[in-house]
Amino acid sequence: MPRRPLIAGNWKMNGLGEDGARLAGALRELMTAAPDAPFDMMVAPPFTLIGRVAEILSGSGIELGGQDCHGEASGAHTGDISAPMLADLGCRYVIVGHSERRTGHGDTDALVRAKARAGLDAGLTAIVCIGETEAERDGGKTLDVVAQQLGQSLPPGADGANTVIAYEPVWAIGTGRTPTGEEVRDVHDFIRARLVDTLGGDEAGMTRILYGGSMKPGNAAEFLKLADVDGGLIGGASLEAEDFWAIAQGLPLAISSVPD
Ligand code: PEP
């Protein structure tokens, strides 16, 4: 069964009410004009905007996600948001293990795994982010790092339907720098092979693997045309509806099926 591409936007800590409403409204318009778009689209607004954006996107076909969640469903965790809370707001996805959480908040692989498990328990699809730092790449450790993060961040029960992997080289996030298509292909091939070992061939074949890191309209097609790249996780360029939408045009199957 072919994997349906996913174009996912991570708005990070950006936007007040009106900004989120404008962006969501513009995306809604674009999606409405392309009812047969051959890809899934998801946006992860800041927690404060999820409710408002959910109302605007309702019925549009664009799904919502959280940018993170706690590893437990409820309890004395001041300032945290749980996976059931995200589901309650209408989210279908949760991003876990983003490098900005791993480095800025000390999220370990074990914690990422607990968060992913909490997401699955709440009925969400977990987007599990993995990727090497620049020093790790320069030291020839990219595949070791990716293997370790993948092995230790995936929760029991993960499968092709409830889990998405996002390969995001840390040094490419928000920097305007990207790996070459060949480098992305090599890592995605490697991730797919590791998934075969851990999940089995059928589930591995159904698991979407996204590329993330300075993806823009001008470079998206180079990555999205690769056989094991099943979409993108997009930060900065997801804050402009036209750019985000244009990235989806880089999908080989999308080219003839979306509006001008
Ligand atoms: C991200 O935050 O996941 C990301 C890929 O950001 P950017 O597209 O801005 O590099």
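Let me start at the end of a helix: H8 is followed by Gly-200, a residue whose phi is positive, near 95°. Before going further I should say that what you have in front of you is a predicted model, with a mean pLDDT of 95 for the protein chain and with 97% of its residues reaching 70 or more. There is one stretch to treat with caution, residues 255-260, where pLDDT stays under 50, and for which the model has 12 contacts beyond four places in sequence.

Back to H8, then, which runs over residues 181-199. Its 19 residues should span 27 Å at 1.5 Å a residue, and since its end C-alpha atoms are 26 Å apart, the model agrees with that expectation. Which residues of H8 are buried? They are Gly-181, Val-184, Val-187, His-188, Ile-191, Arg-192 and Leu-195. These residues cover an arc of only 140° around the axis, and therefore they sit on the same side of H8. On the face turned away from that buried side, H8 carries the exposed residues Glu-182 and Asp-197.

H8 also takes part in covering another helix, H7. This helix, residues 142-153, has 12 residues and reaches 16 Å from its first C-alpha to its last, which is close to the 16 Å expected at 1.5 Å a residue. The buried residues of H7 are Thr-142, Val-145, Val-146, Ala-147, Gln-149, Leu-150 and Ser-153. What covers them includes, besides H8, the helices H4 (99-104), H5 (109-121) and H6 (134-138), together with the strands S5 (125-130) and S6.

If we follow the chain onward from H7, we come to the loop between this helix and strand S6 (163-167), and that loop is the place of Asn-162. Is Asn-162 buried or exposed? Its relative accessibility is 16%, and because buried means under 20%, Asn-162 counts as buried. The side chain of Asn-162 has a polar atom that lies 2.8 Å from the backbone nitrogen of Asp-159, and a polar contact of 2.7 Å joins the side chain of Asn-162 to that of Thr-163. Leaving aside its neighbours within four places in sequence, Asn-162 is in contact with Leu-120, Leu-124, Thr-125, Ala-126 and Gly-157.

Now to the ligand, which is surrounded by 14 residues, the closest of them being Lys-12, Glu-168, Gly-174, Ser-214 and Gly-236. Three polar pairs deserve a look here. An N or O atom in the side chain of Lys-12 is 2.6 Å from an oxygen atom of the ligand, while for the side chain of His-98 the corresponding distance, again to an oxygen atom of the ligand, is 2.8 Å. With Gly-236 it is a backbone N or O atom that lies 2.8 Å from a ligand oxygen.

Two of those closest residues, Lys-12 and Ser-214, are also worth pausing over for their backbone angles. Most residues other than glycine have a negative phi. Lys-12, however, has a positive phi of about 50° although it is not a glycine, and Lys-12 is found in the loop between strand S1 (6-10) and helix H1 (17-32). Ser-214, likewise not a glycine, has a positive phi of about 55°. Where is Ser-214 found? It is in the loop between S7 and H10, and with a relative accessible area of 8% Ser-214 is buried.

That loop, which joins strand S7 (208-212) to helix H10 (220-224), also holds Asn-219. At 15% relative accessibility Asn-219 counts as buried, and, leaving aside its neighbours within four places in sequence, Asn-219 is in contact with Thr-178 and with Ser-214.

Let me finish with two residues of helix H2, which covers residues 47-57 and includes Thr-48 as well as Glu-55. Both lie on the surface side of the cut-offs: Thr-48 counts as exposed because its relative accessibility is 69%, and Glu-55 is exposed with a relative accessible area of 66%. For a sense of the distances across the model, the C-alpha atoms of Thr-48 and Val-145 are separated by 33 Å, the two residues being 97 residues apart along the chain. The C-alpha atoms of Glu-55 and Val-196, which are 141 residues apart along the chain, are separated by 39 Å.

How values were computed: Residues numbered from 1 in each chain as written. Predicted model: local features only at pLDDT ≥ 70, side-chain atom pairs only at ≥ 80, totals over all residues. Heavy atoms only, no water. Helix = DSSP H or I, 4+ residues; strand = E, 2+ residues; numbered from the N terminus. Buried < 20%, exposed > 50% of the residue type's maximum accessible area, 1.4 Å probe, protein only. pLDDT = per-residue confidence, 0-100. Contact = heavy atoms within 4.5 Å. Polar contact = N/O pair within 3.5 Å; in protein donor to acceptor, adjacent residues only side chain to side chain. Expected span 1.5 Å × (residues − 1). Arc of directions from axis to C-beta. Near = heavy atom within 4 Å.
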